[in-house]
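Let's take a walk through this fold together, one neighbourhood at a time. Keep the viewer open and follow along as the residues come up.

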Amino acid sequence: MSIAYLNGIYLPLAEARISPLDRGFLFGDGVYEVIPCHLGRMVGFSLHIERLRSGLNALNIQLGWNTGEWREVCEQLLTRNPGDHLSIYLQVSRGTAQSRGHAYPADIEPTCFGFTMEIAPPPLPDPALAVTYSAITAPDLRWKRCHIKSTSLLGNVMHFNEGLPGGNTETILYNCAGELTEASACNVYVIKNGALATPPLSEQILAGVTRTLLLRILEKDGAIAFAERPVTLEELRGADEVWLTSSTKELAPVTEVDSEPVGNGQVGEVWQRAQGLFSQHRHEHG
């Protein structure tokens, strides 16, 4: 049975309990992170914790943990749960108040929760083995603070489910200017003539840790040109390659958008080079 962490205690996940008055349950008043771990090594740990702290600050949730305390919880979860390929889910809510109200209550302790989930091994830079994705496009109807990794994910969940009846595995979103924001659970990239472009960070976009790692790796290597700039829906539809990134997918090639093939409908050469670089250097940054 999976072992979880809850407010200082390690216990079987099935036995973990919070109050129904916890503000994470009532309001989605909290933040979370998902840290991938392969063969016992966490990917981007410090970047995940930095983003978690940023979200706590944005929501004015007072939790004075240092990096070492977070690392200890993560390492304990890895030790107590077997598996070569796991993700660590961390969540902090504002905590439990005595009644339900919109105002942030004073003098309550945050609820800290963590557990592990099995994930797939990291992808290999081999087009024949790549897991490919199909996507639809849709107007971005989420809230205007998507840079906060909030547990309030209903907008993302609704967008993700838009494409499922048609067999799609993601929904790529665009704003009222016809510019891409991100996908429902991933950052998004287009490749044209060997060069990569991805939307710049803003309140419309979560600063994905895999996104940060990828761009640092590409910048250091220098072989693949990239730009952070507005990317239009038309560019998406005319791209040679389209990718998604997330902590558990790494670099995920999209071969079909809105029932039309991306490029030649095959996994592209730029993806193969970039995934190869990421596989080689994923543990060197963050």
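## A tour from helix α3 outwards

Our starting point is R80, a residue of helix α3. Bear in mind as you look that this is a predicted model. Is R80 buried, exposed or something in between? Its relative accessible area is 38%, and values between 20% and 50% count as partly exposed, so R80 falls into that partly exposed class. Leaving out residues up to four places away in sequence, R80 touches I3 and Y10. A C-alpha to C-alpha distance of 9.9 Å separates R80 from L11, although the two are 69 residues apart in sequence.

From R80, turn to the interior, where helix α3 has another part to play. In soluble globular proteins, nonpolar side chains tend to be buried together. Here the largest nonpolar core has 23 residues, and those touching the most other members are I35, M42, F45, W70, C74, I88 and L90. Which elements give two or more residues to this core? They are the strands β3 (30-38) and β5 (85-93) together with the helices α2 (45-58) and α3 (67-80). Of these, α3 gives the most, with five residues.

M42 is a good residue to centre your view on. Not counting residues up to four places away in sequence, M42 touches I35, P36, C37, R71, C74, E75, L78, I88 and H283. Another core, of 21 residues, lies apart from this one, and its members include L196, V209, L213 and I217. We will meet some of those names again shortly.

First, though, look at how the two helices of the larger core pack. The axes of α2 and α3 are 11 Å apart, at an angle of about 115°, and α2 passes α3 in a right-handed crossing. On the α2 side the contact uses F45, I49, L52 and R53, and on the α3 side T67, W70, R71 and C74. By class, these residues divide into five nonpolar, one polar and two charged.

Between α2 and α3 there is a loop, and N60 sits in it. N60 has 44% relative accessibility and therefore counts as partly exposed. Setting aside neighbours within four places in sequence, N60 is in contact with R94 and Y104. Another pair to display is N60 and G30, which are 30 residues apart in sequence and 10.0 Å apart in space, C-alpha to C-alpha.

Helix α2 has a second helical partner to inspect. Its axis and that of helix α5 (residues 209-221) come within 10 Å and cross at roughly 130°. Why call this pair oblique? Angles of 65 to 115 degrees count as roughly perpendicular and those over 145 as roughly antiparallel, so α2 and α5 are oblique to each other. The crossing of α2 past α5 is right-handed. L47, H48 and R51 of α2 make the contact with V209, T212, L213 and R216 of α5. Sorted by class, this contact has three nonpolar, two polar and two charged residues.

Follow α5 onwards and you reach helix α7 (residues 269-281), whose axis is 10 Å from that of α5, with a packing angle of about 100°. These two helices are therefore roughly perpendicular to each other. T210, L213, L214, I217, L218 and D221 in α5 meet A274, L277, F278 and H281 in α7. The classes here are seven nonpolar, two polar and one charged. Notice L213 once more: besides its place in the 21-residue core, L213 takes part in the contact with α2 and in the contact with α7.

To finish, let's visit a few loops. N193, between β10 (187-192) and β11 (195-198), has a phi near 55°, a positive value in a residue other than glycine. With a relative accessible area of 69%, N193 is exposed. D258 also has a positive phi, near 50°, and is likewise a residue other than glycine. Its loop joins β14 (250-257) and β15 (260-261), and at 27% relative accessibility D258 counts as partly exposed.

The last stop is G238, in the loop between α6 (233-237) and β13 (241-246). G238 is partly exposed, at 34% relative accessibility. Its C-alpha atom is separated by 9.4 Å from that of I191, with their positions 47 residues apart along the chain.

Terms used
Residues are numbered from 1 along each chain as its sequence is written. This is a predicted model: local features need pLDDT of at least 70, side-chain atom pairs count only at pLDDT 80 or more; totals for chains, interfaces and linings use all residues. Side-chain values use heavy atoms; hydrogens and water are left out. A nonpolar core is a set of buried Ala, Val, Leu, Ile, Met, Phe, Trp, Tyr and Cys residues joined through side-chain atoms within 4.5 Å. Buried means under 20% relative accessible area, exposed over 50%, partly exposed in between (1.4 Å probe, protein chains only). Helices (H or I, at least four residues) and strands (E, at least two) are DSSP runs, numbered from the N terminus. Contact means heavy atoms within 4.5 Å. Axes are lines fitted to C-alpha atoms, for helices over the stretch in contact, and angles run from 0 to 180 degrees between N-to-C directions. Angles under 35 degrees count as roughly parallel, over 145 as roughly antiparallel, 65 to 115 as roughly perpendicular and the rest as oblique. A crossing is left-handed if the near helix is turned anticlockwise from the far one by less than a right angle, and right-handed if clockwise. Ala, Val, Leu, Ile, Met, Phe, Trp, Tyr, Cys and Pro count as nonpolar, Asp, Glu, Lys and Arg as charged, and the others, Gly among them, as polar.
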